[in-house]
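The exercises below ask you to read a fold from its coordinates, and each task is followed by a solution in steps. Please look at the sequence and the structure before turning to the solutions.

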Amino acid sequence: MVTGIDTARQGNRAQASDPDVARAWTVLADVPDPEIPVLSVLDLGIVRDVRCLDGALAVDVTPTYTGCPATEVIERSIRERLLAAGFDEVGFLRRQLSPPWTTDWISDAGRDKLRAFGIAPPAGSAALAGRRDPALPVACPHCKSQATAEVSEFGSTPCKAAWRCEDCLEPFELFKCL
């Protein structure tokens, strides 16, 4: 079983007593997000459940947002990785839209990977604030300074905003609190 992922956010992963289901979770830990490849689909918290149904593997995935252009690529990558790992049949991948994904589901390991990649993880909790709390500082992922400023609400993808550090002068992106 993969460590560092909050199993409470991962569907029935904590109850994965079936060896095939447990092995599938391990395989999924290496499926990268196509937009931020340092994160796996498990780091993002978008895999909601893995189970065996009538001898076939079934995987539920919640996209980061309904119109995410990477959703089909992610689903195809999940299927390809599981088949390459020796699963004879991946019965279906289901898009689970409710409850909607939130940045609160990004694992602690995923947040650390974002920082190491130069992206500030979401500040605050979407469950509590509904969006980034402006009172919470955004730390620069490069130098950790909290003297930062938003440059643009829009970054390289819809889920990120452009920021800059006023101490080290490096630009960076903030993963929006969704």
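Three exercises follow, on the whole chain, on a sheet and on a helix.

The model is predicted, so that local features need pLDDT of at least 70 and side-chain atom pairs count only at pLDDT 80 or more, while totals for chains, interfaces and linings use all residues. Residues are numbered from 1 along each chain as its sequence is written, and side-chain values use heavy atoms, with hydrogens and water left out.

**Exercise 1. The whole chain**

Describe the secondary structure and the burial of the protein.

Step 1. Helices (H or I, at least four residues) and strands (E, at least two) are DSSP runs, numbered from the N terminus; the protein has 5 helices and 7 strands.
Step 2. Read from the N terminus, the order of the elements is α-α-β-β-α-β-α-β-α-β-β-β.
Step 3. Of the 178 residues, 45% are buried, where buried means under 20% relative accessible area, exposed over 50%, and partly exposed in between, with a 1.4 Å probe and protein chains only.
Step 4. With a contact defined by heavy atoms within 4.5 Å, residues 24 or more positions apart account for 53% of the contacts with a separation of 6 or more.

**Exercise 2. An open sheet**

Work out the strand order of the open sheet and find the helices that touch its strands.

Step 1. In this open sheet 3 strands lie in the order 1-2-3 with mixed pairing, two strands being paired if DSSP finds at least two bridges between them.
Step 2. The edges are strand 1 (47-53) and strand 3 (90-95), each of which pairs on one side only.
Step 3. Strand 2 (residues 56-61) runs parallel to strand 3 over 5 bridges, and Asp 60 has Arg 94 in strand 3 as its bridge partner.
Step 4. Helix 1 (residues 19-28) packs on the sheet, where it touches strand 1 and strand 2, and its direction makes about 145° with that of strand 1; axes are lines fitted to C-alpha atoms, for helices over the stretch in contact, and angles run from 0 to 180 degrees between N-to-C directions.
Step 5. Helix 3 (residues 71-84) lies across strand 1, strand 2 and strand 3, at about 155° to strand 3.

**Exercise 3. The two sides of a helix**

Which residues of helix 4 (residues 108-117) are buried, and what covers them?

Step 1. Gly 110, Arg 111 and Leu 114 are buried in helix 4.
Step 2. These residues lie on the same side of helix 4 because they cover an arc of only 100° around the axis, the arc being that of the directions from the helix axis to the C-beta atoms.
Step 3. Asp 108 and Ala 116, on the other side of helix 4, are exposed.
Step 4. The cover over the buried residues includes helix 2 (41-44), strand 4 (119-120) and strand 7 (171-175).
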